[in-house]
Amino acid sequence: MAPDKHLIGLVFLALAAPCGHAQSEVYKCPDASGRPTYTNVKRDTVGKNCTLVSKEVSVVPSQAPARAVQSPAGSEAVARSENRRKILESELQNEQQLLSDARQKLTEQEGIREGDERNYARVLERLKPYQEAVSQHTKNIEQLQGELGRLK
């Protein structure tokens, strides 16, 4: 069994050897603007002024240079906080208007008694969506006020 393992290992090495050699040859070719491009394909270097790079090259795309910070980080945080506060106040005002409308609709519905509602359970069933709307808007207002309180 041991000779079979050695034979398999030798076959694997024989097949892998050309791959390792091809990957180690890296060529540096300047383009028309003078920026270097790198390739490991020999046929891509034909007719170009390419040089063989003797060491391994790690090719990483360049990143755009970081822009200079025009304002201190503290003022950006204050601006974000102020922007968030304005948004929350706008949402709070909207929810308060929606709550006022929902309460008005609930009051109107409470004053109406339809002919098929002799049983009070039917009245409660009809009023339930209006009561839920009032409850939901009340919860939303409480949450928005809590968020605004945490920003201060």
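Glutamine 109 counts as buried in this predicted model, because its relative accessibility is 16% and the cut-off for a buried residue is under 20%. The residue belongs to helix H2, which covers residues 73-111. Which residues does glutamine 109 contact, once its neighbours within four places in sequence are left aside? The answer is Arg126, Leu127 and Tyr130.

These partners lead on to helix H3, made up of residues 120-151. Arg126 and Leu127 are themselves buried in H3, and so a buried glutamine at 16% relative accessibility is in contact with two residues listed as buried in that helix. The other buried positions of H3 include Val123, Val134, His137 and Asn140, followed along the helix by Ile141, Leu144 and Leu148. Leucine 127 also marks a change of direction, for H3 bends there by about 40 degrees. A proline, proline 129, follows within four residues of this bend. How does the span of H3 compare with the value expected from its number of residues? At 1.5 Å a residue, the 32 residues should span 46 Å, and the end C-alpha atoms are 46 Å apart, so the two values agree.

The strands offer a second point of interest. S1 (residues 26-30) and S2 (residues 36-39) run antiparallel and are joined by 4 bridges. Within this pairing, lysine 28 has tyrosine 38 of S2 as its bridge partner. The two strands form a hairpin with 5 residues between them, and glycine 34, located in the turn, has a positive phi of about 95 degrees. S1 also pairs with S3, again in the antiparallel sense, through 3 bridges. Here tyrosine 27 stands opposite leucine 52, a residue of S3.

Tyrosine 27 can also be related to the loop that links S2 with S3 (51-53), where valine 41 is placed. Valine 41 lies 14 residues from tyrosine 27 along the chain, and their C-alpha atoms are separated by 8.0 Å. Is valine 41 buried or partly exposed? With a relative accessibility of 27%, valine 41 counts as partly exposed, because the buried class ends at 20% and the exposed class begins over 50%.

Turning to the chain as a whole, the secondary structure comprises 3 helices and 3 strands, arranged along the sequence in the pattern α-β-β-β-α-α. Of the 152 residues, 16% count as buried. The chain exposes about 12,700 Å², of which carbon and sulfur atoms supply 54%. Among contacts with a separation of 6 or more, 51% involve residues 24 or more positions apart.

A word on confidence is useful when reading these details. The mean pLDDT of the chain is 78, with 70% of residues reaching 70 or more. Among the elements, H3 has the highest mean pLDDT, at 90, whereas helix H1 (residues 2-24) has the lowest, at 56.

Notes:
Residues are numbered from 1 along each chain as its sequence is written. This is a predicted model: local features need pLDDT of at least 70, side-chain atom pairs count only at pLDDT 80 or more; totals for chains, interfaces and linings use all residues. Side-chain values use heavy atoms; hydrogens and water are left out. The expected span of a helix is 1.5 Å times one less than its number of residues. The bend at a residue is the angle between axes fitted to the seven residues ending there and the seven starting there. Buried means under 20% relative accessible area, exposed over 50%, partly exposed in between (1.4 Å probe, protein chains only). Contact means heavy atoms within 4.5 Å. Accessible areas come from the Shrake-Rupley method with a 1.4 Å probe; for residues, only the protein chains shown count as cover. Two strands pair if DSSP finds at least two bridges between them. pLDDT is the predictor's confidence in each residue, from 0 to 100.
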